[in-house]
Amino acid sequence: MRHGSIPRALICYVSHIDVVDFSSEAIEEDKKLPQGDDPKLRWILGPIEAVTLFPPYDLITAGANLHWMDWSVVITKIRENLKPGRYLALIENIIQPVRCE
């Protein structure tokens, strides 16, 4: 299941979400899924280690792909972009998107 499922499931509860993926094909596929074209989503192309982010963030999530990343770079980047006292959530099971009312 695409990691784009995480932000699409959270979209009803936030003002905006930045979604990072290194694959333009994956981003285009995720945009076609329910709520994938929501204006609250900003799709950012590139590896998390190299992309420009738009902090500060209240929540950063990572799915099953975290083990492929350069942890020394990624954990530092998370710490630098997350608001103090906020959260990194590691999500194993993808929750299904909900329709916002």
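**Figure 1. The side chain of Asp-58 makes a polar contact with the side chain of Lys-83, at 3.1 Å.** Here a polar contact is a pair of N or O atoms within 3.5 Å; within protein, one atom must be able to donate a hydrogen and the other to accept it, and residues adjacent in sequence count only if both atoms are side-chain atoms. This is a predicted model, in which local features need pLDDT of at least 70 and side-chain atom pairs count only at pLDDT 80 or more, while totals for chains, interfaces and linings use all residues. Residues are numbered from 1 along each chain as its sequence is written, and side-chain values use heavy atoms, with hydrogens and water left out.

Asp-58 has another partner to look for: a polar contact of 3.1 Å joins its side chain to that of Arg-86. Asp-58 and Arg-86 are 28 residues apart in sequence, yet 5.3 Å apart in space, C-alpha to C-alpha. Leaving out residues up to four places away in sequence, Asp-58 touches Leu-82, Lys-83, Arg-86 and Tyr-87 (contact means heavy atoms within 4.5 Å). Asp-58 belongs to strand β3, residues 57–62. Helices (H or I, at least four residues) and strands (E, at least two) are DSSP runs, numbered from the N terminus. Is Asp-58 buried or exposed? Neither label fits, because its relative accessibility of 40% makes Asp-58 partly exposed; buried means under 20% relative accessible area, exposed over 50%, and partly exposed in between, using a 1.4 Å probe and protein chains only.

**Figure 2. The largest nonpolar core has 12 residues.** A nonpolar core is a set of buried Ala, Val, Leu, Ile, Met, Phe, Trp, Tyr and Cys residues joined through side-chain atoms within 4.5 Å. Members to find in this view include Val-20, Ile-44, Tyr-57, Ile-60, Ala-62 and Leu-82. Two or more residues of this core come from each of β3 and α3 (71–81). Which element gives the largest share? That is β3, with three residues. Apart from this core lies another one, of six residues, among them Ile-17, Val-19, Ile-27 and Leu-41. In soluble globular proteins, nonpolar side chains tend to be buried together. Ala-62 also touches Ala-89, Leu-90 and Ile-91, not counting residues up to four places away in sequence.

**Figure 3. The charged end of Arg-42 sits over the ring of Phe-54.** The distance to the ring centre is 4.0 Å. A charge sits over a ring if NZ of Lys or CZ of Arg is within 6 Å of the ring centre and within 35 degrees of the ring normal.

**Figure 4. Two backbone details are shown here, a cis bond before Pro-56 and a positive phi at Gln-35.** The peptide bond from Pro-55 to Pro-56 is cis, with omega near 5°. Pro-56 lies in the loop between β2 (41–45) and β3. Gln-35 is not a glycine, but its phi is positive, about 65°. Most residues other than glycine have a negative phi, and most peptide bonds are trans. You will find Gln-35 in the loop between α2 (24–32) and β2. Gln-35 is buried, because its relative accessible area is 9%. Ser-5 lies 30 residues from Gln-35 along the chain, and their C-alpha atoms are separated by 9.5 Å. Ser-5 is part of helix α1, residues 5–10, and its 4% relative accessibility counts as buried.

**Figure 5. The side chain of Asp-21 reaches the backbone nitrogen of Ser-23 at 2.8 Å.** Asp-21 sits in strand β1, residues 17–21. With 6% relative accessibility, Asp-21 counts as buried. Its C-alpha atom is 9.5 Å from that of Val-51, which is 30 residues apart from Asp-21 in sequence. Another residue to pick out is Ser-24, in helix α2. Ser-24 is partly exposed, at 33% relative accessibility.

**Figure 6. Stepping back, the protein chain has three helices and four strands.** Along the sequence, their pattern is α-β-α-β-β-α-β. The C-alpha atoms fill a box of roughly 35 × 30 × 25 Å, taken along the principal axes. Of the 101 residues, 37% count as buried. Among contacts between residues at least 6 apart in sequence, 69% join residues at least 24 apart.
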